[in-house]
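Me: I should like to go through this structure by question and answer, beginning with the sheet and then turning to single residues.
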Amino acid sequence: MESLLLDVPFVCKSWYKASREPQCWEHLIFPTFIKPDDIDDLWWEPEIPDRGFIDRLEMTYQENLSATAFVKFIVNRSCGNATIIKLPGGCTEEALEYVANECPRLKGLAVGSYNEFINGIIVKFISKWKYLEMLKLGKYDLKEIIPQIGLHCNNLIWLSAPYTYIGKDEASALVSSLSKLKYLDLHGGDFEKEALVMILQGCKQLVHLDIRQSFGFDDDDAEILELASHIPAFKCEGSIITPDWLDDDHIDHDDLVYDSSYFD
């Protein structure tokens, strides 16, 4: 993306013309982080990993681009032909709605780890992407979105939702709505063991399952390993039943205050 915007167009007229072809904008991999729309209201200066790219972009095009403006600017280049999009951090509902309306051919969507707000509203737009095959979410309430994915995205075979809670309700939604999944990434998740058993027994077409560094089961659990023996790429290394800091030998239950922020 950086080269198409800042290098290729300035080589010669023919390269400039080629860089504007919609076929060049089918895969839209946005920078990890772009200036938030409400940056003027922030009392702190956010750290922007791709600052060099953003500075060059604003200098070249003489525009002060926020996340929403930048997403619209790039999506317009695709002329509706975008098939893969990785959203930038700081993405807004307005930008996501624009992507939903302007990218009907989308096959792959990565929401990203810095879009907790977007994770909460993506269910509103999932019906727009009937050709979706790959979806990567951040932390999300899967039992809310999975039935909608199953209803509208019949081609979905790849789902990534790391660091997510997986209980019986979530597992039941996966098995009943997305039983044809082939690739499932739930690494770093907080599992109920019974829920994991439900997934292993119900998602028969899995060829890849990543549940490494998760909680709720041990990585040498004989039952889990047996149930997963049919999956060619099964990864569970580093998973444990209970984190050390929740072990009885490490805490005083009288002093413990449970806070969901521990799992953020």
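Me: In what order do the eight strands of the open sheet stand?
Reply: The model is a predicted one. Its open sheet has eight strands with parallel pairing. The order of the strands is S1-S2-S3-S4-S5-S7-S9-S10.

Me: Which strands stand at the edges of the sheet, each with a single partner strand?
Reply: A strand with a single partner has one side left without a neighbour in the sheet. From one strand to the next, the twist averages 5°. The edge strands are S1 (27-29) and S10 (233-235).

Me: Which residue in S5 stands opposite methionine 134?
Reply: Strand S4 covers residues 134-136 and strand S5 covers residues 158-160. The two run parallel and are joined by three bridges. Opposite methionine 134 stands tryptophan 158.

Me: How far from aspartate 185 is the nearest side chain of opposite charge?
Reply: Aspartate 185 lies in strand S7 (residues 183-185) and is buried. Its contacts, leaving aside residues up to four places away in sequence, are Leu159, Ser160, Ala161, Pro162 and Asp210. A salt bridge requires a distance within 4 Å, and aspartate 185 has none. The nearest oppositely charged side chain is that of lysine 136, at 6.0 Å.

Me: Is asparagine 101 buried or partly exposed, and what is its relative accessible area?
Reply: Asparagine 101 belongs to helix H5 (residues 93-102). Its side chain makes a polar contact of 3.1 Å with the side chain of lysine 128. Buried would require under 20%, so asparagine 101 counts as partly exposed, with a relative accessible area of 40%.

Notes:
Residues are numbered from 1 along each chain as its sequence is written. This is a predicted model: local features need pLDDT of at least 70, side-chain atom pairs count only at pLDDT 80 or more; totals for chains, interfaces and linings use all residues. Side-chain values use heavy atoms; hydrogens and water are left out. Two strands pair if DSSP finds at least two bridges between them. Helices (H or I, at least four residues) and strands (E, at least two) are DSSP runs, numbered from the N terminus. Axes are lines fitted to C-alpha atoms, for helices over the stretch in contact, and angles run from 0 to 180 degrees between N-to-C directions. Buried means under 20% relative accessible area, exposed over 50%, partly exposed in between (1.4 Å probe, protein chains only). Lys and Arg count as positive and Asp and Glu as negative; His and the chain ends are not counted. Contact means heavy atoms within 4.5 Å. A polar contact is a pair of N or O atoms within 3.5 Å; within protein, one must be able to donate a hydrogen and the other to accept it, and residues adjacent in sequence count only if both atoms are side-chain atoms.
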